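Thank you all for coming; I would like to walk you slowly through a structure that is probably new to most of you. Please have the sequence and the model open while I talk.

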Amino acid sequence: MPTSTARTSKKRDAPALSVEQVCDKIRSAILSGKLRPGDKLTEQDLAAEYRVSRTPIREAIRQLEVERLVSRTPFVGVTVTQLRPSEIIELLDIREVLEGLVARLAAKELQPEQRTRLRKTFDRMTASAKSGNVVQYLDEALAFRRILVECSRSETLTQYVMGIENRLRLVGNRTALIPGRMQAAISEHKKLLQAIEAGEAEAAEQLNRERIQHIRADVEKSFSFSVL
């Protein structure tokens, strides 16, 4: 049986995290809401938390700056990005075009296994919306969109769509909390799924674009948006 000293030594000898692993951990903390918009990030604190030197932390922060999940401000330092209302609208406009294309391609390329996954994910979305479980609803909605992107078979489109998705996740669950938005989204996703399953590419594209348009309109009207 290993002694306490041996266990401590084994733990101490664990391989250090790579730059990519550190970046993944920080990104996950941001997207999950553990690190919130405006939170300050310091190399010293992050190095201590992840038990690495400052070098991989520095490289990870540079990558997250490229992804625009963190921002560097003179005399302030690095903070989790806070999206301005105008930026949110701009991202939704871009998302509308990209996700319209995603739906068009998904209607053309949908495979039986993907159809099954979409159906099951939609059912879980519906159940979580009915129960008012916002966190689960958002997770399932994200899973639904990721399956659609997968159907497109385009690495480039996937990269752009998920980049926009990640930036909008900085807003957290605010859009889902807009009164009636979750219920409306279920109806929109149901029509979209039916069009995709029927192979109606043009209809699927239009429905997905309209879905984003509705989100944009609700966001613009909501009080929560005005105080972001």
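**A walk through the chain**

Let me begin with a single residue, Val76, which sits in the loop that joins β2, residues 70–73, to β3, residues 77–80. With a relative accessibility of 39%, Val76 counts as partly exposed, and its C-alpha atom is separated by 19 Å from that of Ile30, a residue 46 positions away along the chain. I should say straight away that what you are looking at is a predicted model, and please keep that in mind for everything that follows.

Now for the overall layout. The chain has 228 residues, of which 41% count as buried, and its C-alpha trace spans about 60 × 50 × 35 Å along the principal axes. The secondary structure comes to eleven helices and three strands, and if you read from the N terminus, the order of the elements is α-α-β-α-α-β-β-α-α-α-α-α-α-α. As for how the chain comes together, if we take the contacts with a separation of 6 or more, 72% of them are made by residues that are 24 or more positions apart.

Let us turn to the helix pairs, beginning with α3, residues 43–50, and α4, residues 54–66, which pack at an angle of about 115° with their axes 9 Å apart. That angle makes α3 roughly perpendicular to α4, and the crossing of these two helices is right-handed. On the α3 side the contact is made by Glu43, Gln44, Leu46, Ala47 and Tyr50, while α4 contributes Arg54, Ile57, Arg58 and Ile61. Sorted by class, the residues of this contact between α3 and α4 are five nonpolar, one polar and three charged.

Between α3 and α4 there is a loop, and Arg51 is found in it. Arg51 is exposed, with a relative accessible area of 62%, and its phi is near 55°, which is a positive value in a residue other than glycine. A little further on, in the loop between α4 and β2, lies Arg68, which also is not a glycine and has a positive phi of about 65°. At 45% relative accessibility, Arg68 counts as partly exposed.

Arg68 leads us to α5, through one of its residues. Which residues does Glu87 touch, once we leave aside its neighbours within four places in sequence? They are Arg68, Gln82 and Arg167. Glu87 itself belongs to helix α5, residues 85–109, and with a relative accessible area of 11% it is buried. A polar atom of the Glu87 side chain also lies 2.8 Å from the backbone nitrogen of Arg84.

The same residue takes part in a helix pair, that of α5 with α8, residues 155–168, whose axes come within 10 Å and cross at roughly 145°. Here α5 passes α8 in a left-handed crossing. From α5 the residues involved include Glu87, Ile88, Leu91 and Leu92, and they meet a set in α8 that includes Leu157, Tyr160, Val161 and Arg167. By class, this contact of α5 with α8 has 13 nonpolar, no polar and five charged residues.

Helix α5 has a further partner in α10, residues 201–221, and the axes of these two come within 7 Å and cross at roughly 160°. That makes α5 roughly antiparallel to α10, and α5 passes α10 in a right-handed crossing. The contact of α5 with α10 has twelve nonpolar, three polar and twelve charged residues.

I will finish with a residue in helix α6, residues 112–131, namely Gln114. Is Gln114 buried or exposed? With a relative accessible area of 8%, Gln114 is buried, since the cut-off for that word is under 20%. If we again leave aside its neighbours within four places in sequence, Gln114 is in contact with Glu109, Ile147, Glu150 and Cys151.

Key: Residues numbered from 1 in each chain as written. Predicted model: local features only at pLDDT ≥ 70, side-chain atom pairs only at ≥ 80, totals over all residues. Heavy atoms only, no water. Helix = DSSP H or I, 4+ residues; strand = E, 2+ residues; numbered from the N terminus. Buried < 20%, exposed > 50% of the residue type's maximum accessible area, 1.4 Å probe, protein only. Polar contact = N/O pair within 3.5 Å; in protein donor to acceptor, adjacent residues only side chain to side chain. Contact = heavy atoms within 4.5 Å. Axes fitted to C-alpha atoms, helices over the stretch in contact; angles between N-to-C directions. Parallel < 35°, antiparallel > 145°, perpendicular 65-115°, else oblique. Left-handed = near helix turned anticlockwise from the far one by under 90°. Nonpolar A, V, L, I, M, F, W, Y, C, P; charged D, E, K, R; others polar.
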